[in-house]
Every structure is written in structure tokens, then in C-alpha cells.
Amino acid sequence: MARSSTFSRRDFLGGAAAFGALGLAGCASLSAGGSRPGGLPDRGEFVIRNAYVMTMERATGDLPNADVHVRGGQIVAVGAQLAAPGALELDGRGMIVLPGLVETHWHMWNTLLRSMAGDRKERGYFPTARTLGEAYTPNDTYQGVRLSAAEAIHSGITTVHDWSHNIRGPEYADADLRALRESGIRARFSYGAAQGQSTDAPINTADIGRLQRNWKDTSNDGLLTLGLAWRGVSTSATGTISAAAWRKDLDAARGMGIPISVHAANARSRAGAIDVFAKEKVLGKDLQVIHAIWVSPAEIRALADSGTAVSLSPYTELRIGFGLPKTGEFLAAGIPVGLSVDTTTLSGNADMFAIMKAIQNIENVRHEDEFRLPARRVLELGTIEGARSLGLDGRIGSLKPGKRADLIMVNTRDVNLGVFSDPAHMLVEAAQPQNVDTVVVDGRILKRRGRLTAVDVEQVVGEASAALTALRKRANWW
Ligand SMILES: [Zn+2]
């Protein structure tokens with residue numbers, strides 16, 4: 001696995017030394033069994049003791065004083081007073097343990113442009129992403145995705161859907177994937193067009209084929225999967241896509257058997273898109289539709305009948321003025337629903353707790369009903385339902401023996417979470433990323449006691465800032 005020279009063993013050990021200074025046991029406590037030179041912590045064996053465990057399995061429910069035993073990246077057991085001889089013990093007292101949060105659509109490359117959607121039309125999100133996107137180097141992509149992945153882990157997000165729609169050549173896809181691999185996060189990588197790409201030009205599906213043929217070497221032991229970031233029949237940025245191009249992209253993805261994701265019906269002016277998809281036989285279990293705000297009851301039925309999933313990103317939908325997500329209608333129809341960041345150029349940050357809170361509040365106000373969307377249901381959307389919407393619910397999304405160990409520990413003793421009342425309400429209404437004490441992805445401890453274990457945040461932010469300064473200079477964008 002190729003590694004950046006900027007992410008060295010020295011940096012990792014530097015981070016570990018800082019933990020030592022904080023009074024932790026050092027490297028072993030971070031990795032539960034050491035780390036590979038220059039890389040991620042190993043998947044060791046550990047047991048979290050005496051935590052409030054929310055399994056997000058309806059049959060099991062919550063276990064108020066329980067343990068979670070993890071070995072080799074897998075959940076071995078969940079229950080009270082588990083026997084786990086030799087396992088590293090993590091104190092779970094005062095902690096809520098739950099599955100890692102599942103994010104379902106995020107243009108990670110443009111986190112380099114965080115909060116840069118301006119206040120005039122020519123500086124709005126789409127022209128900003130396009131103009132600066134066209135001036136991107138592969139290193140800019142790497143820096144944006146690496147910063148996003150670090151923020152995700154900080155925020156308790158263990159799975160992302162990296163919607164990569166500025167692939168200007170194979171080296172951009174490689175840079176994006178390298179950042180994902182180095183971070184240790186679980187991700188679907190969806191390969192898209194470039195910003196400013198001609199609406200007549202298809203996506204480079206031959207390059208998707210190249211990646212698919214070598215996927216074993218790319219997938220980071222199965223943490224990464226491959227998909228198509230499809231433009232659909234039109235996009236907000238470019239307008240109508242030629243039929244020859246969109247059909248070629250779609251047919252290629254279906255030929256390769258990879259999942260497809262598309263923005264549709266996000267704005268009032270783009271209503272009717274789902275009807276077009278239904279007529280063109282685009283809908284299906286392999287399709288995720290993003291936003292789907294301007295949809296009719298018949299279109300919702302078409303989505304449900306075809307098994308199409310939906311991704312909702314309330315903060316970008318609100319910020320850009322698209323409209324209010326139809327969460328309740330989708331859930332009532334049985335459509336798999338996931339929640340998403342979309343882009344921090346608009347949303348500012350990747351706070352999934354805030355996203356869950358917004359989803360609940362918007363749904364309740366739409367119906368003028370305090371009880372419309374319960375907190376626990378929202379928490380399901382952020383975990384097991386999100387996983388289901390990505391086709392990953394067999395592997396992650398709940399705490400169950402045999403599943404991969406993606407989980408977080410939330411410290412309920414922090415000032416904004418005390419006192420312990422209703423844990424689902426606490427997580428949706430009160431919790432914030434800084435309350436995430438520990439993050440485990442595929443059995444690797446990537447955040448512990450509030451600090452990222454495999455990322456030097458100062459270095460990541462510093463290099464991203466330098467890349468942005470150079471990018472703005474190249475694009476003459478101030
Ligand atoms: Zn988007």
C-alpha cells in the first residue's frame with residue numbers, strides 16, 4: 001500500500017507521545033496491540049466494560065450496564081460481564097456505546113473549500129466548486145479528502161459515502177482513494193465526472209474498470225467499496241446531460257455491477273426527475289437518489305416499489321434553499337433512508353448529531369407535531385438505516401456478534417450531556433462531536449479520549465491550508 005511521505009511513523013509516534021503526556025498508557029492503549037510502521041493502529045482485542053450499550057438491534061435494544069468484546073476487527077460478544085481473558089479493558093462507565101454513525105453522501109474533495117459558498121450569485125456554491133474545482137491538482141483532492149476523513153472520525157462517523165465528482169484524471173481518483181485508505185475509515189467511493197466536464201462527455205468508466213480489476217489491492221481489507229457518482233439526466237451545475245453520455249455511464253456501471261448514486265429533484269425547477277427515472281428504467285435496488293425533495297406521491301411509490309434508497313442532507317438543503325426533506329413520507333413508504341453531510345462548503349462542518357437533530361426538528365415542524373419523528377427513529381437513520389441504505393447493514397450499523405466492529409463511545413459526563421436522562425434524546429438533541437470519546441472502525445481505535453490516534457491534526461490542517469492558498473492563487477479567487 002503506497003503511503004504519503006507526509007504521514008510517517010514519526011508523526012504517529014509523535015501523536016502517541018502526546019497521549020502519554022496526557023496520562024494514558026501509551027501506544028498499546030491506542031491500538032490494543034501495537035501498530036504497523038507508518039500506518040494505522042492494528043486491530044487488536046479489547047473489551048469495553050460497564051457502558052450503556054445501545055445495540056440499535058430492535059430485538060436486543062439497550063443494555064444499561066454491559067460490555068462489548070472486539071477481536072480482530074469483529075464484534076465477538078455484547079452483554080453483561082463478558083469473559084474476555086487477555087483483552088485490553090476500556091472503562092465504559094459514564095459512556096454510551098453505539099454503532100458508528102453512517103454518512104451517506106459527501107463531496108469530500110471540496111472540504112478544502114469549507115465555508116466558501118459566498119453571499120453573491122457568482123460566489124455561490126456551484127460557481128465556487130466549479131471554478132476552484134477546475135484548478136484542482138491531485139494533491140488538492142488528497143488534502144480535501146484527508147481533512148474530511150479526519151473530521152469524520154473526530155465526529156463519530158465511521159462510514160462515509162465519498163461522492164467524488166471532480167475526477168480530472170486517474171491520478172485524482174488514486175489520490176482520493178489513498179486519503180481514504182490512510183485514514184482507516186469505511187467508505188463507498190463513488191467515481192464521478194470532473195467539475196466543468198462537457199455535458200456530452202461520458203464519465204471515464206474505463207478508469208472505473210481499472211480500479212475494479214485491482215480492487216483487492218485498493219479496498220483496504222474490504223473497508224472500501226466502489227460505485228458510480230452518476231450525473232443523471234441533468235445536474236444543478238451544468239443543466240441537461242446528453243442522453244448518449246448518461247446512458248453510457250449508467251450502462252457501464254450496471255455492466256460492472258456497482259451501485260449508482262445520483263442527485264435528483266433537489267430544487268423546485270427540477271421536479272419530475274423521478275418520473276423520468278421511472279420511465280427510463282433507472283430506478284432499482286442498486287440506486288441511491290440524493291435529496292428527492294420535489295417529488296409527488298406517485299414518485300415516492302415508484303422509489304419504494306423499486307427498492308431505491310434516498311439520502312437526505314438537511315443542512316445543505318436548508319442553506320442553499322432547496323427545500324425541506326420529506327423524511328416521514330419516505331419512511332412511511334418503506335424507502336431506505338440515510339443522512340448525509342453533502343458538502344462542508346455549504347454546511348460548514350460534518351456534525352452528524354446536528355444533522356440528526358435537524359431531521360427530527362424539520363419533520364416535527366412540517367407536521368406541527370411534537371411527537372412526529374421520535375429521537376430513536378432518527379438515531380436509526382444515523383446508524384442501521386443508513387447502513388441499510390448503502391447495502392452495508394449485514395456488516396455494520398448495529399452492535400451484534402459477527403458484525404464488523406464500527407462503534408463509538410460518547411462521554412455523558414461532559415457539561416452539555418449531563419445529566420443522564422433519555423439516551424436517544426441525549427444523542428439527537430444534546431450530543432456534539434467533541435463528546436465522542438472513542439471511535440473504532442473495523443476494530444481499530446482511531447480516536448481515544450477525545451484525540452485522533454492516527455492523525456496529526458495540526459499537520460493535516462496546515463497542509464490543507466497551504467493547498468487552499470495555492471489553489472486560490474492559481475484560480476485567482478479571493
Ligand atoms: Zn451532493
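The following exercises, each with a worked solution, concern a predicted model.

**Exercise 1. The zinc site**

Identify the protein donors of the zinc ion and classify their arrangement.

Solution. Begin with the ligands: His105, His107 and His263 each contribute NE2, and Asp342 contributes OD. These donors lie 2.1 to 2.4 Å from the zinc ion. Next, consider the angles, which run from 84 to 172° around the zinc ion. A tetrahedral set of four would need all angles between 85 and 135 degrees. For ideal tetrahedral geometry the angle at a metal is 109.5 degrees. The arrangement of the four donor atoms is irregular because of the angles of 84 to 172° that they subtend.

**Exercise 2. The donors along the chain**

Describe the sequence spacing of the zinc donors, and locate histidine 107 and aspartate 342.

Solution. Along the chain, the spacing reads H-x1-H-x155-H-x78-D. Histidine 107 belongs to the loop between β6 (101–102) and α3 (125–134), and aspartate 342 to the loop between β15 (337–339) and α13 (344–347). The pair therefore ties together parts that are 235 residues apart in sequence. As for accessibility, buried means under 20% relative accessible area. Histidine 107, at 2%, is buried, and aspartate 342, at 5%, is buried as well.

**Exercise 3. Serine 340**

Determine where serine 340 lies, whether it is buried or exposed, and what it touches.

Solution. Serine 340 is placed in the loop between β15 and α13, the loop that also holds aspartate 342. With a relative accessible area of 1%, serine 340 is buried. Its side chain makes a polar contact of 2.9 Å with the side chain of serine 311. Leaving aside residues up to four places away in sequence, the residues touched by serine 340 include Glu103, Thr104, Ser311 and Ile355. Among them is also His105, one of the zinc donors.

**Exercise 4. Aromatic rings and charges**

State how many aromatic pairs the whole structure contains, and analyse the pairs of tyrosine 125 with phenylalanine 126 and of tryptophan 230 with tryptophan 246.

Solution. A search of the whole structure yields six aromatic pairs. Tyrosine 125 and phenylalanine 126 are edge-to-face, at 5.1 Å centre to centre and with 65° between the planes. Tyrosine 125 is buried at 8% relative accessibility, whereas phenylalanine 126 is partly exposed at 28%. Tryptophan 230 and tryptophan 246 are likewise edge-to-face, at 5.8 Å centre to centre and with 70° between the planes. This pair links strand β9 (residues 224–230), which holds tryptophan 230, to helix α8 (residues 243–256), which holds tryptophan 246; the two are 16 residues apart. Both tryptophans are buried. Ring pairs join Trp230, Trp246 and Phe277 into a cluster.

Charged groups also sit over rings: the end of arginine 178 is 4.1 Å from the ring centre of tyrosine 142, and that of lysine 326 is 5.9 Å from the ring centre of tryptophan 294.

**Exercise 5. Backbone geometry**

Describe the peptide bond between glycine 418 and valine 419, and the phi values of methionine 56 and alanine 292.

Solution. As a reference, most residues other than glycine have a negative phi, and most peptide bonds are trans. The bond joining glycine 418 and valine 419 is cis, with omega about 10°. Valine 419 lies in the loop between β16 (407–411) and α17 (423–430).

Methionine 56 has a positive phi of about 60°; the residue lies in the loop between β1 (45–54) and β2 (62–71) and is buried at 9%. Alanine 292 has a positive phi near 45°. Its place is in the loop between β13 (287–291) and α10 (297–306), and at 0% relative accessibility alanine 292 is buried.

Methods: Residues numbered from 1 in each chain as written. Predicted model: local features only at pLDDT ≥ 70, side-chain atom pairs only at ≥ 80, totals over all residues. Heavy atoms only, no water. Donors = N, O, S within 2.8 Å, 3.2 Å for Na, K, Ca; no water. Tetrahedral: all angles 85-135°; square planar, octahedral: opposite > 155°, others 65-115°. Helix = DSSP H or I, 4+ residues; strand = E, 2+ residues; numbered from the N terminus. Buried < 20%, exposed > 50% of the residue type's maximum accessible area, 1.4 Å probe, protein only. Polar contact = N/O pair within 3.5 Å; in protein donor to acceptor, adjacent residues only side chain to side chain. Contact = heavy atoms within 4.5 Å. Phe/Tyr/Trp six-rings, centres within 6.5 Å; stacked < 30°, edge-to-face > 60°. Lys NZ or Arg CZ within 6 Å of the ring centre and 35° of its normal.
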